[in-house]
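Biologist: I am new to this structure and would love a guided close look. Could you start from one small part and lead me on from there?

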Amino acid sequence: MFGLHPNADITYQTVTAQSILDSILSIQPKDSSGGTGETREATVYRLCDDMLDKLPNDYIPFEVKARLQKMGHLQPMNIFLRQEIDRMQKVISLVRSTLCDLKLAIDGTIIMSETLRDALDSMYDAKIPTAWLKISWESSTIGFWFTELIERNSQFNSWCFDGRPNTFWMTGFFNPQGFLTAMRQEVTRAHKGWALDTVVLHNDVTRFLKDDITQPPSEGVYVYGLFLEGAGWDRRGCKLIEPKPKVLFEPLPVIHLYAINTTAGRDARMYECPIYKKPKRTDLTYIASVELKT
């Protein structure tokens, strides 16, 4: 009726189905079942063991400090890395303590508190416990959330202990805006007479995928892992096209983000495309805008 793309209908149906299923889940009885089969507690206990096995190790503060000193602890990018590792460590510690306490509570060794009860219910429904959500990121299920925790952590770990990566997974940061600011500061310092206020973000979409990149750009950063919603991407012409039927999210190739010193306005022929951390498009998840050819 509104002349929307057929893909919009798929999204609408998905959202409706999801909300119905959420309602059904929320009114399920929460008591242990009297029937045969595994109890809720046993299921969650097994899940706790599984997650504790896969949970990354804690960062050892003096090791991180020593590595950052070696890489240059006053460089904007390394200051940013330090802050990210601190936040990651908080998440890892909280997850570890919750899982260990939950196992003890299920065994009856300690009292089941409100927080642990919430964690038990959430984990059974494959949702993310509220306490974890507060200091981390949104995700559709606990499985995806935990996979993301491992992936985010491996990016920080390899950056800290193996050196700066050639390409960055930008949406895997807690504070991607800080990452872009650090990059702008780095470029500004490299050029004499440039001021941070007049240095603006600029981008080129490359034709490469993440694995094709073997060395970092001479200036700026390569970022990967971004997806387009509501549009397709023509890799040969490097421009936006109509979305393909039934393809809701189109992966973008690696983008080269850098900074230029200019006070001129934006190019009117380009589409200013906002980047969000998560599919929820709000001010809280907005990172920056990139210019794309249409």
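Modeller: Gladly! Let us begin in helix H2 (residues 40-54), where Asp50 and Lys54 are separated by about one helical turn because they are 4 residues apart. Please keep in mind that this is a predicted model. The two side chains form a salt bridge, and their closest N and O atoms are 3.5 Å apart. Asp50 is partly exposed, at 34% relative accessible area, and Lys54 is partly exposed too, at 47%. As background, side chains of opposite charge can pair when their charged atoms come close.

A search of the whole structure finds 13 salt bridges. One of them joins Lys127 to Asp22, at 3.9 Å from N to O. Here distant parts of the chain are linked: Lys127 is in the loop between H5 and H6, while Asp22 is in helix H1, 105 residues apart. Lys127 has a relative accessible area of 33%, so it counts as partly exposed, and Asp22, with 32%, is partly exposed as well.

Stay in that loop for a moment, since Ala126 also lies between helix H5 (114-124) and helix H6 (130-135). Its phi is near 60°, a positive value in a residue other than glycine. That deserves a glance because most residues other than glycine have a negative phi. Ala126 is partly exposed, with a relative accessible area of 33%.

Lys246 gives you another case, with a positive phi of about 70°. You will find Lys246 in the loop between strand S6 (239-241) and strand S7 (249-251). At 72% relative accessibility, Lys246 is exposed. Along the chain, look also at the salt bridge of Lys244 with Glu250, where the closest N and O atoms are 3.1 Å apart. Lys244 is partly exposed at 38%, whereas Glu250 is buried at 11%, since the limit for buried is under 20%. Elsewhere, Glu148, Arg152 and Lys278 are linked in a network of salt bridges.

Now let us turn to a sheet. Its 4 strands follow the order S1-S3-S8-S2, and this open sheet has mixed pairing. S1 and strand S2 (199-205) are the edge strands, each pairing on one side only. On average, neighbouring strands are turned by 40° against each other, direction ignored. Helix H8 (residues 176-190) packs on the sheet and touches S1, S2, S3 and S8; the direction of H8 makes about 50° with that of S8.

Let us cross the sheet strand by strand. Strand S1 (residues 167-169) pairs with S3 in the parallel sense over 3 bridges, and Thr167 has Tyr222 in S3 as its bridge partner. Tyr222 in turn has His256 in S8 as a bridge partner; S3 and strand S8 (residues 255-261) run antiparallel, joined by 3 bridges. In S3 (residues 221-224), Val221 and Val223 point one way, Tyr222 and Tyr224 the other, and all are buried.

At the far side of our walk, 7 bridges join S2 to S8, again antiparallel. Asn203 stands opposite Leu257 in S8, and Val205 stands opposite Ile255. Along S2, Val199, Leu201, Asn203 and Val205 point to one face and are buried, while Val200, His202 and Asp204 point to the other and are not.

Technical notes. Residues numbered from 1 in each chain as written. Predicted model: local features only at pLDDT ≥ 70, side-chain atom pairs only at ≥ 80, totals over all residues. Heavy atoms only, no water. Buried < 20%, exposed > 50% of the residue type's maximum accessible area, 1.4 Å probe, protein only. Helix = DSSP H or I, 4+ residues; strand = E, 2+ residues; numbered from the N terminus. Pairing = 2+ DSSP bridges. Axes fitted to C-alpha atoms, helices over the stretch in contact; angles between N-to-C directions. Contact = heavy atoms within 4.5 Å. Salt bridge = Lys/Arg side-chain N within 4 Å of Asp/Glu carboxyl O.
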